[in-house]
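Here is a set of questions about how the terms used for this structure are earned. Each answer sets a value against a definition.

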There are 2 protein chains.
Amino acid sequence: MSKCEQCIVRQFSSLKALSKDELLKMADCKTSYTIKKGETIFEEGEITNGIYCIKDGVCKMTKLSANGKDQIVKLVKSGELLGQRSTISEEPANLSAVALEDMEVCFIPKTEILQFFTQNNQFSMNVMKTICGDLKEADDHMVSMAQKSVKERLAETLLYLEDTFGKNDDNTLKLQLSREELAGMIGTATESCIRLLSELNKAGLIELIGKKIAIKDRNKLRRMSE
Amino acid sequence: MSKCEQCIVRQFSSLKALSKDELLKMADCKTSYTIKKGETIFEEGEITNGIYCIKDGVCKMTKLSANGKDQIVKLVKSGELLGQRSTISEEPANLSAVALEDMEVCFIPKTEILQFFTQNNQFSMNVMKTICGDLKEADDHMVSMAQKSVKERLAETLLYLEDTFGKNDDNTLKLQLSREELAGMIGTATESCIRLLSELNKAGLIELIGKKIAIKDRNKLRRMSE
DNA sequence: TTTAAAGTATGACAAATATCATATTTTAAA
DNA sequence: TTTAAAATATGATATTTGTCATACTTTAAA
């Protein structure tokens, strides 16, 4: 069993407030999992009973809407925690978590987490601040969905993907989403998404290299996203 | 100065976890305000330095989008707290708060709130659960905006307004929003909102009594909202 | 009370987006 | 490798929604 104390990703999450003793306790009760691309970590409506610490990889958090389409609510990457909200609320998960790449995660049981809350005030504050940040993002995201056109949201999302997950040597986005997934992020039909990508390609703002996407003109994209 | 101990609305918020001593301290440092309909409590980008406890009235939380329209992100009513997120994050407000009715609010300084966090674990957990609830709502709201049509969102919103704020003797919605505000909630143009209201009126699902709106057929509205 | 301003309502039209059809390309299974 | 399935791409068309114009109604100020 690997030690949480030596785990680097811990430094990037609320867990950085935990003491040596607490980390030892956590290492004792955690379970490590390898999750293959496409596999589900947990499903909307499921009782999770703990949180996942992402050691490696990226996953999408989705919600099935009434019309049968999967809306991608957000992407979560290594160093971040998964399932905090449902654990704290003691409610079933509101969103499904599905791996977009092969992942390494550690599961920490709810009982352990709740103990840390009562013992360690800094940890509580860290978690609270994280969730407050999530709330701000969610509100902003909502306003985007309500007020921006699909084209604006697409431009915004492409920039977000490059900024957050980086690019390869050929300038293509490192995180490769299918057209359907990209459509699911911006909240539109897959065909509309593909059509707008073609349009941006013809206008020279992006380049389509097979299924991959490379951003060619950040400034124009940024102006387009507003 | 009125005593927080005897304030009823306290019971409905995270503040119910505070001890007698803590309530006395709070009563000592709080400031009460009367806010007239239409007045702003705080503005997006402003540093708030504390939270507001709503004793009476309802306010809208809005965000100005790039296209110049005000999106109503949520409505907050008596018994709820205002400005928790920015106080905890120690960031400027992300949303503006504007009174929809005459309001009575109490302002509690940040220093006081942060003390309660370190002293009173139950209070921390209450606030955390509230914010987790807000986050769930925000995510769900986002999916609605991304996946539902304007008509579906209008139906959904009318039901929400009746469920949350009740109706008058003539069955009209108690919380009276202008058509522009209603459009701002569902994220559409005012004219589109008015047009759809006319349509629902002609179809007998609602009745328009002057500027007021009465729901006539909840079941059909609910089916329409999905 | 009169009058101007704001809010509500509706028509005409334009723009954005979804849907359905179909072709092409890529991927993965047999 | 061959083949079927899935993903990507694009056209044609329908639907939804936004915009602009204008009329009517209510509200509030002079």
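A polar contact is a pair of N or O atoms within 3.5 Å; within protein, one must be able to donate a hydrogen and the other to accept it, and residues adjacent in sequence count only if both atoms are side-chain atoms. The model is predicted, so local features need pLDDT of at least 70, side-chain atom pairs count only at pLDDT 80 or more, and totals for chains, interfaces and linings use all residues. Residues are numbered from 1 along each chain as written, chains are lettered from A and ligands numbered from 1 in written order, and side-chain values use heavy atoms, without hydrogens and water.

Q: What makes A:Glu191 a polar contact of a base of DNA strand C?
A: An N or O atom in the A:Glu191 side chain is 3.5 Å from a base nitrogen of DNA strand C. The cut-off is within 3.5 Å, so the pair counts. B:Arg195 also reaches a base nitrogen of this strand, with a side-chain N or O atom at 3.0 Å.

Q: Which part of A:Val150 contacts DNA strand C?
A: The backbone. One of its N or O atoms lies 2.8 Å from a phosphate oxygen of DNA strand C.

Q: How do you know which residues are near DNA strand C, and how many surround it?
A: A residue is near a strand if one of its heavy atoms lies within 4 Å of it. DNA strand C has 17 such residues, and A:Val150, A:Thr188, A:Ser192, B:Arg179 and B:Ser198 are the closest. Of the strand atoms that come within 4 Å of the protein, 59% are sugar and phosphate.

Q: Which class has 9 residues in the surface near DNA strand C?
A: Charged, alongside 3 nonpolar and 5 polar residues. Asp, Glu, Lys and Arg count as charged; Ala, Val, Leu, Ile, Met, Phe, Trp, Tyr, Cys and Pro as nonpolar; the others, Gly among them, as polar.

Q: Which helix gives the most to the surface near DNA strand C?
A: α7(B), with 4 residues. Helices are DSSP runs (H or I, at least four residues), numbered from the N terminus.

Q: What makes A:Arg179 and B:Ser192 polar contacts of DNA strand D?
A: A polar side-chain atom of A:Arg179 lies 2.9 Å from a phosphate oxygen of that strand. For B:Ser192, a polar side-chain atom is also 2.9 Å from a phosphate oxygen. B:Val150 uses a polar backbone atom, at 2.8 Å. On DNA strand D, α7(A) supplies the largest share of the nearby surface, 4 residues.

Q: Why is the relation between chain A and chain B called a two-fold axis?
A: Chain A is laid on chain B by a turn of 180° and a shift of 0.0 Å along the axis, with an RMSD of 0.0 Å. That is therefore a two-fold relation. The C-alpha of A:Met142 is the nearest to the axis in chain A, at 2.3 Å. The superposition is by least squares on C-alpha atoms of residues with pLDDT of at least 70 in both copies.

Q: How do you know that the copies meet through the same surface?
A: Of the interface residues of chain A, 100% are also interface residues in chain B, so the surface is the same. Contact here means heavy atoms within 4.5 Å.

Q: What makes A:Asn120 a cap of α4(A)?
A: A side-chain oxygen of A:Asn120 lies 3.1 Å from the backbone nitrogen of A:Gln122, at the N-terminal end of the helix.

Q: How do you know that the span of α4 of chain A is close to the expected one?
A: The expected span is 1.5 Å times one less than the number of residues. Helix α4 has 27 residues; 39 Å is expected, and the helix reaches 39 Å from first C-alpha to last.

How values were computed: Helix = DSSP H or I, 4+ residues; strand = E, 2+ residues; numbered from the N terminus.
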